[in-house]
Amino acid sequence: RFKSGAKKKGAYFAFGSAESKTVVICEGYATGASIAQATGHYIVVAFDAGNLLPVAERIRANLPEGWDLIIAGDNDQWGSSNTGKDKTQACAVATGARMVAPDFTGYDTSQQPTDFNDLHQLAGLEAVQAQIDGAQALSPEQIEQVNAVPPETDEQVIERLAGLSALDY
């Protein structure tokens, strides 16, 4: 848990080797540890999907020319939305980074795995390395799709307004 009142936005924990000139930003420490073991890259832990973008913006602004930036998000495929992948895509678009989320195709998903530490446990460090090495830059079409915000429907506006309280003002 985070300390009550602590500043989280843009804060991160970093470790690993800068020798590869690749920085991998991920959500959690265990995920970062698995990626570091598999690749030897420099790891930046943002702590959650909502903090990926502020952290990536700070890192990108200070990253030397010629260094690679990869956003390694979670694959939250078991819920009604995939927050990890959505935030990873938006972050990659905003910072020009490559992106990757773990693919569990062919592995036992009975425990509903979501991150690269789960992939490490299921398939080993070689699988983690292969997927991180396969991180992709987004195509112009994918960038356009991420940036396209559909207009709210009347029902969505009503639902949003109905959820407001006097405390929100």
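This section describes the aromatic pairs, salt bridges, nonpolar cores and selected contacts of the structure. The model is predicted, and the values reported below were computed from its atoms.

A search of the whole structure identified three aromatic pairs. In one of these, phenylalanine 13 and phenylalanine 15 adopt a tilted arrangement, with 5.8 Å between the ring centres and 40° between the planes. The two partners are covered to unlike extents: phenylalanine 13 is partly exposed, at a relative accessible area of 40%, whereas phenylalanine 15 is buried, at 18%. Phenylalanine 15 also pairs with tyrosine 29; the ring centres are 5.3 Å apart and the planes meet at 40°, so this pair is tilted. Because phenylalanine 15 belongs to strand β1 and tyrosine 29 to helix α1 (residues 29-39), the pair ties together parts that are 14 residues apart in sequence. Tyrosine 29 has a relative accessibility of 48% and therefore counts as partly exposed. Together, Phe13, Phe15 and Tyr29 constitute one aromatic cluster.

Members of this cluster also contribute to the surface. Phe2, Phe13, Tyr29 and Phe47 make up a nonpolar surface patch of about 430 Å². Of these residues, phenylalanine 2 is located in the segment before β1 (13-15). Phenylalanine 15 is buried, with a relative accessible area of 18%; it is not a patch member because patches are made of residues with over 30% relative accessible area.

Side chains of opposite charge can pair when their charged atoms come close. Two salt bridges were counted in the model. Aspartate 48 is bridged to lysine 8, with the closest N and O atoms 2.3 Å apart. This pair links distant parts of the chain, 40 residues apart: aspartate 48 is in the loop between β3 (42-45) and α2 (52-62), and lysine 8 is in the segment before β1. Lysine 8 counts as partly exposed, at 28% relative accessibility. Arginine 98 forms a salt bridge with aspartate 68, for which the closest N and O atoms are separated by 2.5 Å. Since arginine 98 lies in strand β5 (residues 98-100) and aspartate 68 in strand β4 (residues 68-72), the pair ties together parts that are 30 residues apart in sequence. Both partners are partly exposed, arginine 98 at 23% relative accessibility and aspartate 68 at 21%.

In soluble globular proteins, nonpolar side chains tend to be buried together. The largest nonpolar core of the model has 18 residues, of which Ile35, Ile43, Ala72, Val100, Phe116, Val128 and Ile132 touch the most other members. Two or more residues are given to this core by each of the elements β2 (22-26), α1, β3, β4, α4 (116-123) and α5 (125-133). A second, separate core comprises 13 residues, including Val23, Ala46, Ile59 and Ile71. Within the largest core, the surroundings of isoleucine 132 were examined in further detail. Residues up to four places away in sequence being left out, isoleucine 132 touches Ile35, Thr39, His41, Ile70, Ala72, Val100 and Phe116.

A further set of contacts involves helices α1 and α4. Asparagine 117 is found in helix α4, and threonine 31 lies in helix α1. These two residues are 86 residues apart in sequence, yet their C-alpha atoms are 4.5 Å apart in space. Both are buried: asparagine 117 has a relative accessibility of 18%, and threonine 31 has a relative accessible area of 2%. With neighbours within four places in sequence set aside, asparagine 117 is in contact with Ala30, Thr31 and Ser34. Under the corresponding exclusion of residues up to four places away, threonine 31 touches Cys26, Asp74, Asp115, Phe116 and Asn117. One of the contacts of threonine 31, Phe116, is also among the core residues that touch the most other members.

How values were computed. Residues numbered from 1 in each chain as written. Predicted model: local features only at pLDDT ≥ 70, side-chain atom pairs only at ≥ 80, totals over all residues. Heavy atoms only, no water. Patch = residues over 30% accessible without salt bridge, like charges linked within 9 Å, V, L, I, M, F, W, Y side chains within 5 Å. Areas by Shrake-Rupley, 256 points an atom, 1.4 Å probe, with all protein chains shown as cover. Salt bridge = Lys/Arg side-chain N within 4 Å of Asp/Glu carboxyl O. Helix = DSSP H or I, 4+ residues; strand = E, 2+ residues; numbered from the N terminus. Phe/Tyr/Trp six-rings, centres within 6.5 Å; stacked < 30°, edge-to-face > 60°. Buried < 20%, exposed > 50% of the residue type's maximum accessible area, 1.4 Å probe, protein only. Core = buried A, V, L, I, M, F, W, Y, C linked by side-chain atoms within 4.5 Å. Contact = heavy atoms within 4.5 Å.
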